[in-house]
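This report starts with the cysteines. It then moves to annotated lysines, a pocket and backbone geometry.

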Amino acid sequence: MYEKISPPTSGAKITFKNAEPIVPDNPIIPFIRGDGTGIDIWPATQKVIDAAVEVAYKGKRKINWFKVYAGDEACDLYGTYQYLPQDTLTAIKEYGVAIKGPLTTPVGGGIRSLNVALRQIFNLYACVRPCRYYEGTPSPHKNPEKLDVIVYRENTEDIYLGIEWRQGSEIANRLISILNNELIPATPEHGKKQIPLDSGIGIKPISKTGSQRLVRRALKHALQLPKNKQMVTLVHKGNIMKYTEGAFRDWGYDLATSEFRQQCVTERESWILSNKENNPNLTSEENARYIDPGFNALTEEKKRQIVNEVETVLNSIWETHGNGKWKDKVMVNDRIADSIFQQIQTRPDEYSILATMNLNGDYLSDAAAAIVGGLGMGPGANIGDECAIFEATHGTAPKHAGLDRINPGSVILSGVMMLEYLKWQEAADLIKTGLADAIKNRQVTYDLARLMEPPVEPLKCSEFAEAIVKHFS
């Protein structure tokens, strides 16, 4: 089955049922060390994870690690341009859950991004990025502790699908000609718009299936959170891109109010319900005026639509959601993408789970990570229905490779996410506590040490791992 690697002789496979992992006590988990600083941060991560599992379960559970290869390290073993060998793909498919360090962007070989390739090959449609502050971590913000969000980023669609054509290429020119001369003129809403002849062309597909499966997973996660954190915000630019990003928002609401009807309430529904609760004698039209301040300026048709919306909500969910019951439901709302970038800085404690498309999610997760300490403290997971890969969210930083100085926090916290995914919460909690206590005691690597006031003597990467483990007890 394998050309150059062999799985462990002991251990069992993780399987999946209804998109959830079924985990034995001795799972075999493939790992990719990673390029550049992966040589330092993976051993530190493995040490922390193994110690947490041992302390939490006293030998009753154990991870059997299976080393597989990708990136530059794979080329060294398999040959030039073999950045993602079949052995690695076979192992991840067979064992279901994997973890990896940072990977280089290939030069040549036909793969634009190894990370994107893995997501697409295994249909890992949900990129999950928690952004939480650990006390003592240097931050450019005055109150970084107010931000505690989880970004659910759709992973397989949007412009990241990679369907594009270079300016001046035959296909780009043909597409521009067809669009300018046939399709755009045939669509009245586009008016006299024309695509410049010297344009590159990219395709931005957003599907109902892709949107709803992401929102579904985000809603399921929200149901597991404390009541005060049960909120999913649909992030989009639907005011401009109505049929892609606007559709993402609409499909998200449709899913929430159908599959999760008993567990969810939309923000707009909550306004209608609370208005009625505050004044039981309120007419439907008066209620409509409250939820839409510009009501008087609307056309008669639009006014009727909003009044009908009020009546539909009250008739359909007053029994199950009225009289304050909606306050115990998962709140589903939406925000324009550029607005949410401001609000995670000015009103961070108002948000919990942010569900977004690929490009917006890429930007947003990095921006949120910067508030709580940077990508060195930012974990990530790519999750599908039959596979999950946990990963460092930063680059390879080759100039630091082998110096035992880089912060392993991103991969360690990705390991925490992996343990939580396995439902090994006790081990996950040990690591979070150990890492928090190490930082609180100013036991940190150079990236954090140099920003502390006053600066502290930094620990090595391996020493930081040891400090985390010491704080388990």
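The sulfur of Cys387 lies 14 Å from the closest cysteine sulfur, which belongs to Cys127. That is too far for a bond. A disulfide is a covalent bond between the sulfur atoms of two cysteines. The cut-off applied here is a pair of cysteine sulfur atoms within 2.5 Å, so Cys387 and Cys127 do not qualify at 14 Å. By this rule the disulfide count is zero. This is a predicted model.

Cys387 is also buried, at 3% relative accessibility. Cys75 is buried too, with a relative accessible area of 17%. Buried means under 20% relative accessible area, so Cys75 qualifies at 17%.

## Annotated positions

Two lysines carry modification labels in the UniProt record. Lys100 is listed there, in an unreviewed entry, under "modified residue: N6-succinyllysine". Lys142 is listed, also in an unreviewed entry, under "modified residue: N6-acetyllysine".

Is Lys100 buried or exposed? Lys100 is buried, with a relative accessible area of 2%. It sits in strand 5, residues 97-100. Beyond its neighbours within four places in sequence, Lys100 contacts Ile32, Asn115, Leu118 and Val411. Its contacts also include the run Ile389, Phe390, Glu391 and Ala392.

Lys142 is exposed, with a relative accessible area of 82%. It is in the loop between strand 6 and strand 7. Exposed means over 50%, so Lys142 qualifies at 82%.

UniProt also lists Asp362 as "binding site", again in an unreviewed entry. Asp362 is part of helix 12, residues 358-371. Which residues does Asp362 contact, leaving aside its neighbours within four places in sequence? They are Arg153 and Tyr160.

## The largest pocket

The largest pocket has a volume of about 1,100 Å³. It is lined by 38 residues. Closest to its centre are Ile150, His221, Gln224, Leu225 and Glu420.

Which elements each supply at least two residues of the lining? The strands are strand 6 (126-132), strand 7 (148-154) and strand 14 (379-383). The helices are helix 6 (208-223), helix 13 (409-421) and helix 14 (425-440). By residue class, the lining divides into 21 nonpolar, five polar and twelve charged.

Helix 13 also holds Leu413. Leu413 is buried, at 4% relative accessibility. Leu413 and Met377 are 36 residues apart in sequence, yet their C-alpha atoms are 7.4 Å apart in space. Met377 is among the contacts of Leu413 beyond its neighbours within four places in sequence; the others are Tyr134, Pro379 and Leu435.

## A buried loop residue

Thr37 is in the loop between strand 3 (28-32) and helix 1 (38-57). Loop or not, Thr37 is buried, with a relative accessible area of 0%. Leaving aside neighbours within four places in sequence, Thr37 contacts Pro102 and Ile406. Its contacts also include His394, Gly395, Thr396 and Ala397, along with His400 and Ala401.

The table sets out accessibility for several of the residues discussed above.

| Residue | Relative accessible area | Class |
|---|---|---|
| Thr37 | 0% | buried |
| Lys100 | 2% | buried |
| Cys387 | 3% | buried |
| Leu413 | 4% | buried |
| Cys75 | 17% | buried |
| Lys142 | 82% | exposed |

## Backbone geometry

Most residues other than glycine have a negative phi, and most peptide bonds are trans. Some positions in this model depart from that pattern.

Ala19 has a positive phi, near 70°. It lies in the loop between strand 1 (15-17) and strand 2 (20-22).

Tyr81 likewise has a positive phi, near 70°. Its place is the loop between helix 2 (72-78) and helix 3 (86-95). Tyr81 counts as partly exposed, at 46% relative accessibility. Partly exposed falls between the 20% and 50% limits, so Tyr81 belongs there at 46%.

Where is the cis peptide bond that has an omega of about -10°? It joins Glu453 and Pro454. Pro454 lies in the loop between helix 15 (446-449) and helix 16 (461-470).

How values were computed: Residues are numbered from 1 along each chain as its sequence is written. This is a predicted model: local features need pLDDT of at least 70, side-chain atom pairs count only at pLDDT 80 or more; totals for chains, interfaces and linings use all residues. Side-chain values use heavy atoms; hydrogens and water are left out. Buried means under 20% relative accessible area, exposed over 50%, partly exposed in between (1.4 Å probe, protein chains only). UniProt positions are given in the numbering used here, feature names are shortened, and annotations may be inferred rather than shown by experiment. Helices (H or I, at least four residues) and strands (E, at least two) are DSSP runs, numbered from the N terminus. Contact means heavy atoms within 4.5 Å. On a 1 Å grid over the protein atoms alone, a cavity is a set of points where a 1.4 Å probe fits but cannot get out, and a pocket is an open set with protein on both sides within 12 Å along at least five of seven lines; lining residues have an atom within 4 Å of a point. Grid points are joined across faces, edges and corners, and a volume is the space filled by probe spheres set on the points. Ala, Val, Leu, Ile, Met, Phe, Trp, Tyr, Cys and Pro count as nonpolar, Asp, Glu, Lys and Arg as charged, and the others, Gly among them, as polar.
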